[in-house]
Amino acid sequence: MTAIPLLSELTARAEGIAHTRTPACSCEASGILADRPDGTVVRHADTVAKAHAPDADATELTRRLALASRHPDVLLPPLGPAPADLHGRLVTFWPYGSPVDPDDPDAAPWEAVGTLLALLHRTPVPESAPVMRGPLKAARAVAGLRAVGDHPAVAPVLDAWATLPAWARAEAPMPQPAALCHGDLHLGQLVRAPGASWRLIDVDDLGAGTPAWDLGRPAAWFACGLLAPQEWGRFLDAYRAAGGPALDAAEDPWAVLDVPARALTVQTAARTVTKAVADGRPLDEVDHALVDACRRIAAVPAELAHESTK
């Protein structure tokens, strides 16, 4: 949980900016949207304030804010050009957007996700763009799992991690050519902005990288049986129709998506197992599906698993 002084001031800043933007603010819609070690998000009316991870880099975050400001048709633009400093944490401010309804998965806008990703990947990459942090986040999730110790789910996840190429473990540069990538794509990173259509949010991992990484989490969900074939097809069709450069229109997508899907399966499994152990609870059905997927990954020889995506 976030320290009370930071949370109180974050809430006060969000309220102050909201009242500047809308002097007749009703103040009814407010509260904590998320409170995790890697970020705390609060809302006051039409304004959102986010305290980024304690190790966030100010220079890189400012570059990411600039990218979001330049591409408001794809990314929700921030309310300021640079982060503020509150109690040693970098804080940014954003307009509020309505999220995807987690209780209505059938209404998930997979076409919008695919189209937005394609537009993002087609955007020219400026020289000032930081590196996309997807593989680094996966490596950090695995490092957290290693600290869990003796648990039957740890070994299969680590075995699967060992089959991945060095770039997917953040141990080598990502394959070229680079594109502008989100770095942490999932449905929670999509909001409908007031008076606009869907936009991507959360720029913490935005940067230059391998575009297939952004397709890796939906691919992993599909491979694990957590995403229906129809939804997977809608997502892929929309991405290709919008000219997404990660996939050729005619090729087998798994020739490109195999490594990112495996890496993000491992990352998600590492996080769920780590959280289950921390909460003192047994693995649930989804946790078991992810760990079982890691067992299958580990059973495939590494040279066969990613021979076309080295």
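In this predicted model, Asp35 stands opposite Thr40 of strand β2. That pair belongs to the antiparallel pairing of β1 and β2, which runs over six bridges. Another pair across the two strands is Ile32, which stands opposite Val42 in β2. The connection from β1 to β2 is a hairpin through two residues.

**The five-stranded sheet**

Thr40 also has a partner on β3, namely Ala51. Strand β2 (residues 39–44) pairs with β3 (residues 47–52) in the antiparallel sense, again over six bridges. Val41 of β2 is bridged to Lys50 in β3. The hairpin of β2 and β3 has two residues between the strands, and here Ala45 takes a positive phi near 55°. Strand β2 is mostly covered, with five of its six residues buried.

The table gathers some bridge partners from this part of the model.

| Residue | Partner |
|---|---|
| Asp35 | Thr40 in β2 |
| Ile32 | Val42 in β2 |
| Thr40 | Ala51 in β3 |
| Val41 | Lys50 in β3 |

Stepping back, these strands are part of an open sheet of five strands in the order β1-β2-β3-β5-β4, with antiparallel pairing. Its edges are β1 (30–36) and β4 (84–86), each of which pairs on one side only. Direction ignored, neighbouring strands of this sheet are turned by 25° against each other on average.

Which helices lie on these strands? Helix α1 (residues 4–21) lies across β1, β2, β3, β4 and β5 (89–95), and runs at about 40° to β2. Helix α2 (residues 58–70) packs on the sheet as well, where it touches β3 and β5; its direction makes about 10° with that of β5.

**The three-stranded sheet**

Further along the chain there is another sheet to look at. Three strands form this open sheet, in the order β6-β8-β9 and with antiparallel pairing. Strands β6 (98–99) and β9 (198–200) are its edges, each pairing on one side only. Strand β8 (residues 190–192) pairs with β9 in the antiparallel sense over three bridges. Within that pairing, Arg192 stands opposite Trp198 in β9. Helix α3 (residues 110–122) lies across β8 and β9, at about 50° to β9.

**Aromatic residues around α3, α6 and α7**

Helix α3 also brings us to the aromatic residues. The structure holds seven aromatic pairs. In one of them, the ring centres of Trp110 and Trp221 are 6.3 Å apart and the planes are at 80°, so the pair is edge-to-face. Trp110 lies in helix α3 and Trp221 in helix α6, so this pair ties together parts that are 111 residues apart in sequence. Trp110 is buried, with a relative accessible area of 3%.

Trp232 and Phe235 make another pair, with ring centres 6.0 Å apart and planes at 35°, so this one is tilted. These two residues are separated by about one helical turn, because they are three residues apart in helix α7 (residues 229–241). Both Trp232 and Phe235 are buried.

How do these rings fit together? Trp110, Trp221, Phe222, Trp232, Phe235 and Trp254 form one aromatic cluster.

Helix α7 also holds Glu231. Is Glu231 buried or exposed? With a relative accessibility of 13%, Glu231 counts as buried, because the cut-off for buried is under 20%. Leaving aside residues up to four places away in sequence, Glu231 touches Pro105, Asp106 and Trp110. Asp106 is 125 residues from Glu231 in sequence, yet their C-alpha atoms are 8.5 Å apart in space. Trp110 is thus a residue that Glu231 touches and also a member of the aromatic cluster.

**Helix α4 and its buried side**

Helix α4 (residues 134–146) has 13 residues and reaches 19 Å from its first C-alpha to its last, close to the 18 Å expected at 1.5 Å a residue. Which residues of α4 are buried? They are Gly134, Pro135, Lys137, Ala138, Ala141, Val142 and Leu145. These residues lie on the same side of α4, because they cover an arc of only 160° around the axis. What they pack against is α5 (154–162), α6 (212–223) and α8 (254–279). Helix α6 therefore appears in two places in this account: it packs against the buried residues of α4, and it holds Trp221 of the edge-to-face pair with Trp110.

Notes:
Residues are numbered from 1 along each chain as its sequence is written. This is a predicted model: local features need pLDDT of at least 70, side-chain atom pairs count only at pLDDT 80 or more; totals for chains, interfaces and linings use all residues. Side-chain values use heavy atoms; hydrogens and water are left out. Two strands pair if DSSP finds at least two bridges between them. Helices (H or I, at least four residues) and strands (E, at least two) are DSSP runs, numbered from the N terminus. Contact means heavy atoms within 4.5 Å. Axes are lines fitted to C-alpha atoms, for helices over the stretch in contact, and angles run from 0 to 180 degrees between N-to-C directions. The expected span of a helix is 1.5 Å times one less than its number of residues. Buried means under 20% relative accessible area, exposed over 50%, partly exposed in between (1.4 Å probe, protein chains only). The arc is that of the directions from the helix axis to the C-beta atoms. Rings of Phe, Tyr and Trp (its six-membered ring) pair if their centres lie within 6.5 Å; planes under 30 degrees apart count as stacked, over 60 as edge-to-face and the rest as tilted.
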